[in-house]
Amino acid sequence: MPTRHLQYLFDPASVALIGASERPGSLGAALTRNVLDGGFGGELFLVNRRHRRVRGMLAYPHPADLPGVPELVIVATPAPTVPKLLAELGQRGTKVAVIATPSGRHGADETRGFHRALRDAAQPHGLRLLGPDSLGIVMPHRSLNASLVHLPPRPGHLALIAQSGAVLAPLIEWATAQGIGFSRVVALGERVDIDFGDLLDWLAHDPDTQAILLYLETLKQARPFLSAARVAARIKPVLAVRAGRGGDAVSHRTDAIYDAAFRRAGMLRVASLRELFWAAETLALDLPATGDRLAIVGNSRGLGLLAADTLLAEGGRLARFGPAAVAALRPVLYPGAVLDNPLDLGGDAGPARFAATLNVLLEERDVDGVLVLNAPNALIPSEDTAAAVIETVDRFHARNGGRPSVLTCWLGADSVRAARQRFLERRIPAYDTPNDAIRAFVQRWRHQQNRIALMETPPDVPELSGTNPAAARHVLERALATGRDALDAAETAALLQAYGIALAMPDIATPVRAAGPVPLELAIRAVVDPVFGPALLLGPGGRAAVPFDDTVAALPPLNPVLAREMIAHAWIDRLLRSADAGTKLLDEVVLLLVKLSQLIVDLGEVIELELNPVLVGAAGVTASAARIRIAAAQGPAHERLAIRPYPRELEETLRLPDGSTLLVRPVRPEDEPAFVAGFARLTTEDVRMRFMHVVKKLTHDEAARLTQIDYDREMALVAWRQRPGQAPASCGVARLTGDPDREERAELAIVLLREATGIGLSSLLLRRLVQYARARGIREVYGEILRENEPMLELCRAMGFTVEVCPDDAGVMIATLPLA
């Protein structure tokens, strides 16, 4: 997604409010009040066509009369006037317009027409648009409140993006009361231009933002959103609340697909707005996430038991205290105390008892986190106990680092406000209720597990090498030629067989059911969602009722890691793990999902597929019935997918003069071990030439980022050389990375192993990347090259690149090649 000009949305030097007013109840009056009261330190202009002063400040009759060109404008004039205003502002050089004006209560056609007029007015000038019907923006660190919220938020480190502005005002008021602040607040409105993806791209690299919070209902474009969310979630926490779960089957299916999309991007979905903030605050503190075993300690047994119930219900575990810990706790607690988790310190527990107990629990190696609960009473001042906890935590972390993490819950309102504030100042999470604390702890662990899973290197799937897409397309072409929208039984079996999926006949399925214990019956469906395109659904099958909540979804393409992650969220996971031969059966279900995913990726004509039932039991995994609906493909199959699949069409095999073969293909996640091994073979000088500084080791996470790429945003071509009688060996990689600020520009980089030099590989890879960039509509490619890297500079000059000294570093040359 383009981030062009978004710096002027988030950090403008000059702002103009068009439609400034004093008329009570008007958009202009509310915006004028908030902008002026906010204390914005940059240039501020008011525009009102009737009055020369608004709230005592000079106003100009028209944007053309302004003494300068505002970088950001807020538009609050009647809808018919907005397109012409945008054209004039864009022509003068304004970068971003926030349109508070609503489209009006018109029909869908009139609304689409208004949106089209806004885009037509702005796009020729590169003017970016937020809205229409946007509640506005708030930048607390810049004292800019160009919004309709009634209470300005306090500065903080959370960015909040809301599709609906109506939720912003109560959210900000609640967060302010909890001491939670914001770096950026944006209400998207009707999204004619700037959308979630654009903002995620920019906020991912915003130093003022430690976590990104999203409130959304629907998406317009899945692929740009997922691409941006994936980048952002690898840098900082991205959390989402989605409204609109609904009560019918279709709504639940849609929600399951959104859930799958969030997981695939590495985002954390939470159930409520309250949970959104608590989880974000915890994640932003970057506490260690070593496990889900929590120790609960406090001065109320009842609160401890309630907290334990919540922990178990949320999927966490109660930490077990070892013999050494129990022995150390016995002299600390009151006579007869139960030395178990949750740990009750007694209603008369003071600072010393809290501190001594916490010291013991922090040393216990089987504890991943400690929740300290405090119920106020007249015996012990809450703030004194808080001070003892803070001192204990600080002293322990100074000796041992951050593990385990400590969370606190001081129940009450005004009487514990000072204690909570002291915790937050020391970067110790403080929560209103035990439930909030428990859910934040579990969410933090889930987020960590999601990130680890996304970086896992998938195994190769040799079974996919035997697929026969051509045979499957032949089946589809014959059926479509007859005008049918569904395959018959023989055609269905033939198409599935082309992907290695055997379909059992009814008489075979019956012995399978009788071969042992009653098998599990699954249903696997492929559907086409209007936003995300094809999606796979996994749920109960056969004659079993299908509860909505038992269906999980995944977005193709899938590899074994992603298929296993899908199953982990399904009801079948626990049953498979507890069954005899559960690992083997799990692997078979994983393989089936991967094969179906590849079928959907390859065949754009398949619009619905169902295997039901799929029998999972002693005889293995068997699909006993299937149906497939078809339609003529609308463009290349990959274009309908939310995630661009591996571009197999870019594979190329060449014969070299020495008899060896060279395979050039796009990088795959499975290449991660080869990247690590190849990097280890580079000399220090090779590394410096490519990275322009010394890098001693390529870690798993770094290699995963280089191999698990988004084919919609970047490309990396790897070269594998195979000499006669030897296994293929990686020998180089060339990478093309898009510029998020300029979609038409991309950066090139090449790394070769020394044994691969002298065979023309650099020029081959460079030519292939340039061809790919031109085909993608990129208008310019460039590369940064050290001045002493003469071979690369000579190659670039020979291919028509212009080579100039980098203005920021005389030791670096910039090679640039226009493509259009």
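How much accessible surface does the protein chain have, and what share of it belongs to carbon and sulfur atoms? The accessible surface comes to about 35000 Å² (Shrake-Rupley method, 1.4 Å probe), and 53% of it belongs to carbon and sulfur atoms. Keep in mind that this is a predicted model, where local features need pLDDT of at least 70, side-chain atom pairs count only at pLDDT 80 or more, and totals for chains, interfaces and linings use all residues. Residues are numbered from 1 along each chain as its sequence is written, and side-chain values use heavy atoms, with hydrogens and water left out.

Let's turn to the overall form. Along the principal axes, the C-alpha atoms fill a box of roughly 85 × 80 × 60 Å. The radius of gyration over C-alpha atoms is 30 Å, which agrees with the value near 28 Å for a compact globule of 820 residues (the rule is 2.2 Å times the number of residues to the power 0.38). Of these 820 residues, 54% are buried, meaning under 20% relative accessible area with a 1.4 Å probe, protein chains only.

Within the chain there are 26 helices and 34 strands, taken as DSSP runs (H or I, at least four residues, for helices; E, at least two, for strands). Among contacts (heavy atoms within 4.5 Å) with a separation of 6 or more, 70% link residues 24 or more positions apart.

For a local view, find Thr 111 in helix α4, which spans residues 108–122. Thr 111 counts as buried because its relative accessible area is 18%. Leaving aside residues up to four places away in sequence, Thr 111 touches Ser 103, His 106 and Glu 190.

Definitions and conventions:
Buried < 20%, exposed > 50% of the residue type's maximum accessible area, 1.4 Å probe, protein only.
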